[in-house]
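Please keep the viewer open beside this text and make each selection as it comes up. The stops are meant to be taken in order.

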Amino acid sequence: PVTVAVLGRPNVGKSSLFNRLVGRRIALVDDTPGVTRDRKEGFQSYGGRRIRFIDTAGLEEAAPTTLAGRMTASSEAALQEADLALFVVDARAGLTPSDRAFAEWLRRAPVPVLLVANKAEGKGGATAAMEAYELGLGDPVAVSAEHGEGFGGLIGAILERLPEADAEEDEHDPDRPLRLAIIGRPNAGKSTLLNTLLGEERMITGPEPGLTRDAVSVEFRDAEGRVRVVDTAGLRKKARVEEKLEKMSTGASIEALRDCEVAVLVVDALLGMDEQDLRIARLAEREGRAVVVAFNKWDAVEDRSATRRRLDDVLMASLAQSKGVAVVPMSAATGKGVEKLMPAVRKTYAFWNKRVPTGALNRWFEGALSRHPTPLVEGKRIKLRYATQTKARPPTLLVFGTRAEQLPEDYRRYLVNSFRDVFDLPGVPIRLQARGTT
Ligand code: GDP
């Protein structure tokens, strides 16, 4: 994807801006040292472009001692990777000498710079933003990250400045790694599994805080190619901030889910699936990710068939996409069963990428409508006319028809489940949009 770096002196609101752009519903606001530094990139799609955003907030603490030195070191590192820089200033505070120094430096940057005047909410905001014009970096875009104002304009301005899209962008690059997240509640065995997958002691697991190796992502190779395990921050954080375990395990899973394609939900088979597991599983579904379930600690399970039944029951009852979902019983600790994980991941990934040919889609749609006629809403029948798959990753359907926008939830679910069955897409969330025509 193309990369956009968010730069500026401390406190201008880089993180809030970044969070808005990446669309985190749960912003990671935390004063524990290292927390902001851990998470510095996120992905979001705008105008059909998948964009990687780098947040440089908090990076300052990592580098040299002078403020200017710290800023340039971290910013320079971010710029190295960027296709576009967002230079953020604080419209309310006005320009400071360090803004001016930063701007001076950015004017020589090898990438285009978009000037963003943040905190420009409400009346007078736009006027305050205009002061930034003096920086000689073109027209500032006025936004309020906190209030979510001005983002339409900002995104438009970003899209205008991005380099031309490579038509076949990364999705078709054969050497692009599959992005995997390992999610689950604390102590389910996520880091043990990662270690086993890596086949070497890349990460140290165990209950001791602070042991886990600092890495935002790790890569390994399976039979089919590269695999990147994204955002292992959840693992690190657990070790570091033990008391925040509960909250963070969900928060970190959300972050990891944003960046991944397939999520492995690690369930502690000794404990069964509880509300926390299900919450994380539903997040995966909400984020549109393909899911594979690992029933871990299988080595220590006594009655395997009863345990399996119990786990399957809970899974089926609570996850809409779970029908037929790949389930891999394993012992992350001994490695037994782990070899079945990546094949299941690859298979589910292929489902997630599925594009159904138009003819087959139309036949399915007609069949589904005739088996189960569309309902009446306020005495009038909803008439569905066409269905089309607008995208994959995950498969997304658009249906058109008279009063289609009123299509009730249960009928939507019927269509989705029928689509899943007919085209055999277990473990994959399917999106359905309905648009009314006149
Ligand atoms: P995480 O919090 O999900 O990363 O969990 P860890 O990987 O740190 O594992 C939590 C605990 O469960 C550790 O004491 C591991 O040794 C133990 N554990 C992990 N996998 C297995 C397994 O397959 N079998 C058994 N018996 N214990 C395991």
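Select Val 88 in this predicted model and display its contacts: leaving aside neighbours within four places in sequence, Val 88 is in contact with Val 6, Leu 7, Gly 8, Val 12, Gly 13, Lys 14, Leu 17, Val 116 and Asn 118. Val 88 belongs to strand β4, and it counts as buried because 30 C-beta neighbours lie inside 10 Å, where 20 or more are required. Add Leu 114 to the selection, and the C-alpha to C-alpha distance from Val 88 comes to 8.5 Å, although the two residues are 26 apart in sequence.

Next, extend the selection from β4 to its whole sheet, which is open and holds 6 strands in the order β2-β3-β1-β4-β5-β6, with mixed pairing. The edges are taken by β2 (41–46) and β6, each of which has a single partner strand, so one side of each is left without a neighbour in the sheet. At the β2 edge, the pairing with β3 (residues 49–55) is antiparallel and runs over 6 bridges; to see one such position, select Gly 42, which stands opposite Phe 53 in β3. Helix α1 (residues 14–22) packs on the sheet, where it touches β1, β2, β3, β4 and β5, and its direction makes about 160° with that of β3.

Now select helix α6, which lies across β1, β2, β3, β4, β5 and β6 and runs at about 170° to β5. Which residues of helix α6 are buried? Within residues 151–161 they are Leu 154, Ala 157 and Ile 158, and because they cover an arc of only 100° around the axis, they fall on the same side of α6. This fits the general geometry of an α-helix, in which 3.6 residues make a turn, so that residues three or four places apart point the same way. The buried residues of α6 pack against β1 (2–7), β4 (84–90), β5 (113–118) and β6 (141–142), whereas Gly 152, Gly 153 and Glu 160, on the other side of the helix, are exposed.

From the sheet, move to the backbone and select three places in loops. Most residues other than glycine have a negative phi, and most peptide bonds are trans. Lys 119, in the loop between β5 and α5 (125–130), has a positive phi near 60° without being a glycine, and it is buried, with 24 other C-beta atoms within 10 Å. Arg 403, in the loop between β16 and α14 (409–423), also has a positive phi, near 60°, but Arg 403 counts as partly exposed, with 19 C-beta neighbours inside 10 Å. The third place is the peptide bond from Arg 393 to Pro 394, which is cis, with omega near -5°; Pro 394 lies in the loop between β15 (383–391) and β16 (396–402).

Then select the ligand and the 18 residues that surround it, of which the closest are Gly 189, Lys 190, Ser 191, Thr 192 and Ala 333. Helices α7 (190–198) and α8 (233–240) each supply at least two residues of this shell, and α7 gives the most, with 3 residues. Coloured by class, the shell shows 6 nonpolar, 8 polar and 4 charged residues.

Finally, clear the selection and view the whole protein, whose secondary structure comes to 14 helices and 17 strands. Buried residues make up 42% of its 438 residues, and, among contacts with a separation of 6 or more, 69% join residues 24 or more positions apart.

Notes. Residues are numbered from 1 along each chain as its sequence is written. This is a predicted model: local features need pLDDT of at least 70, side-chain atom pairs count only at pLDDT 80 or more; totals for chains, interfaces and linings use all residues. A residue is buried if 20 or more other C-beta atoms lie within 10 Å of its own, exposed if 12 or fewer, and partly exposed in between; C-beta atoms are placed from the backbone. Helices (H or I, at least four residues) and strands (E, at least two) are DSSP runs, numbered from the N terminus. The arc is that of the directions from the helix axis to the C-beta atoms. Two residues are in contact if their C-beta atoms, placed from the backbone, lie within 7 Å. A residue is near a molecule or strand if its C-beta atom, placed from the backbone, lies within 6 Å of it. Ala, Val, Leu, Ile, Met, Phe, Trp, Tyr, Cys and Pro count as nonpolar, Asp, Glu, Lys and Arg as charged, and the others, Gly among them, as polar. Two strands pair if DSSP finds at least two bridges between them. Axes are lines fitted to C-alpha atoms, for helices over the stretch in contact, and angles run from 0 to 180 degrees between N-to-C directions.
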